[in-house]
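Work through the exercises below with the sequence and the model open. Try each task before reading its solution.

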Amino acid sequence: MSSSQSPLFLGFDLSTQQLKAIVISEDSSVVHESAVHFDSDLPGYGTSNGAIRGPDDGEVTSPIRMWLEAIDLVMQRVKSAGVDLSAIAGISGAGQQHGSVYWSEDAEKALASMDPKRSLAELGHLAPHAFALPNAPIWQDSSTTKDCRDLEAAAGSPQALADLTGSRAYERFTGPQIARIRRLKPDAYRRSARISLVSSFLPSLFLGSIAPIEISDASGMNLMNVLTCAWEDSLLEACGGPELRAKLGPEPVPGGTVLGKISNWWVERLGFSPDCIIAPFTGDNPATVVALSAPGDALLSLGTSTTLLLSIPPADTPPKRFTTSHLLAHPTTGDAQIAMLCYKNGALAREQIRDRDANHDWEKYNQLVESTLVGNNGYMGYYFPLPEIIPPGVLGEFLFSTKDGRPTRVEAIPSEAHPRAILESQFLSIKSRIAAILPPNSPPLQRLIVTGGSSANQTIRQLAADLFGMRVYIAESKEAAGTGGAVLAKFAWWKQQDDAGAGTFEEMSYGDVERMRLVAEPKAEVTKMYEGLLEAYRACEEAVVALCQKE
């Protein structure tokens, strides 16, 4: 890159179904986007929604060579669109969380000697010999139940594991995935010289050597101490034996670190500058946090499922860890964390109520919400068409009246009460848990950024503002994870500049174009009413859990 060029930054998002490349300018404006859809652009790999199911029950993987070909193809598209690759000053990105890549003993040599005359995916260039397994287990895999229980037993209990790593054992998490491969495919495990996450596999290709794992994405492995951000030896031993530490490589690194310069393959084949730096990639959820929020913000995704990502600023007391939530290290802010709550019953459950009680019409649904009072005249409804994650395993529809001051289960509530009831119960579940997770004396949360399909609904946005007591914003960009990756590249580059050094992410972001729009402000008197409903909400939820345990 010449001194007269304005720097550009390249971010990737390798998700389940596609690979996206996002190019941003120095003020974080998006200047180019390209994507490769695995099923339609690369049909020869036989994937369905980017994955291959089986052969074992619950086993879900993706072909690594497909990812290599997707990188070749997306970079052709970026270059063909006229992006000046010599102006790219830094590269980072996001990968689907939990997925793992198993490198062979030949990998380091193969990466270091990549031939610019050959594509990444050309047979014999990297694949198959650089990999101990041709396919990568991904987050949809659910074949590791035995390994999860074994890991929780080794840690002492599910809560003990959550206290150490931020989460109890989950089938999709990388530690149990490694344990299963060691148990069922011992030869492949023995041949695995290094194990990467999807997020550290990608920068390895750009560096020409295997990259370390980044701290925030390492939080989804059940292997790292979430407070010290170091590998936990007892858990490494439980999942992979004494050799696992060497296979994982060095201790996890924070985002915004410079891992090195881009390898010669990219310079000669595509025209990148040899001075282009490579920064650690992170997981898709942490990258979304980087793109859309700052410590003190909450990010609420109102899609098919409901996900809350809460950026918790550094505090003297760490956040509490629970078996129904996740705690992740923050990718850019030392001693900060991200709390994560995931619910299965999001938009699907709301749409079922819309169809049943509002004649399939969102406008009618919104009118019913707005025509009922806060607190829904003492009616509460809990709606779980799918087995829920929080609280775990509950299933069905449960209705209560709290008019006499204590929850009483009822057979029915007025039809017009259901649209408000489902919104209030879904949001009160989140609100009750935010208070439990945050450290004592935490400053009030600043902003609630809503994304996903339901974020376009003004009635839902206003109810969220009132219930959470926060100003609600929507983000203008829909490509949050890839944009977050590009911003992480900019952060690493910015810290390298002469006068930055130890500068913070917030200092770098000052002056960036604000891509948030304020859409709802809380009414203090209404927020106070919702505070008063929390105790009744918890009592009803406890009754639901007890009812489900009986059945």
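**Exercise 1. Find the residue of β2 that stands opposite Phe9, then describe the pairing of β1.**

Solution. Phe9 stands opposite Ile24 in β2. Strand β2 covers residues 18-24 and pairs with β1 in the antiparallel sense over 6 bridges. Two strands pair here if DSSP finds at least two bridges between them. A hairpin through 3 residues joins β1 to β2.

Next, take the other partner. β1 and strand β6 (residues 88-95) run parallel, joined by 7 bridges. On that side, Leu14 stands opposite Gly95 in β6. Strands (E, at least two residues) and helices (H or I, at least four) are DSSP runs, numbered from the N terminus.

A note on the source: this is a predicted model, in which local features need pLDDT of at least 70, side-chain atom pairs count only at pLDDT 80 or more, and totals for chains, interfaces and linings use all residues. Residues are numbered from 1 along each chain as its sequence is written, and side-chain values use heavy atoms, with hydrogens and water left out.

**Exercise 2. Decide how many residues of β1 are buried, and sort them by direction.**

Solution. Count first. In β1 (residues 8-14), 7 of the 7 residues are buried, so the strand is largely enclosed by the rest of the structure. Buried means under 20% relative accessible area, exposed over 50%, and partly exposed in between (1.4 Å probe, protein chains only).

Now sort. Leu8, Leu10, Phe12 and Leu14 point one way. Phe9, Gly11 and Asp13 point the other way.

**Exercise 3. Classify the ring pair Phe427 and Phe468, and state which helices it ties together.**

Solution. Start with the geometry. The centres are 5.6 Å apart and the planes of Phe427 and Phe468 make 45 degrees, a tilted pair. Rings of Phe, Tyr and Trp (its six-membered ring) pair if their centres lie within 6.5 Å; planes under 30 degrees apart count as stacked, over 60 as edge-to-face and the rest as tilted.

Then place the rings. Phe427 lies in helix α16 and Phe468 in helix α17 (residues 458-468), so the pair ties together parts 41 residues apart in sequence. Phe427 is buried at 1% relative accessible area. Phe468 is also buried, at 8%.

Widen the view. The structure holds 17 aromatic pairs. Phe12, Phe206, Trp265, Trp266, Phe272 and Phe281 form one aromatic cluster.

**Exercise 4. Locate the cavities and describe their linings.**

Solution. Search the whole structure: there are 2 cavities of 30 Å³ or more. On a 1 Å grid over the protein atoms alone, a cavity is a set of points where a 1.4 Å probe fits but cannot get out; lining residues have an atom within 4 Å of a point. Grid points are joined across faces, edges and corners, and a volume is the space filled by probe spheres set on the points.

The largest cavity has a volume of about 130 Å³. Of its 13 lining residues, those closest to the centre are Tyr343, Asn345, Phe384, Ser425 and Gln426. Helix α16 (418-437) and strand β19 (379-384) each give two or more residues to this lining. The largest share, 4 residues, comes from α16.

The second largest cavity holds about 50 Å³ of space. Its lining includes Tyr379, Met380, Ala421 and Tyr537. β19 and α16 are again the elements giving two or more residues.

Note on methods
1 Å grid on protein atoms, 1.4 Å probe; cavity = no way out; pocket = protein on both sides within 12 Å on 5 of 7 lines; lining within 4 Å.
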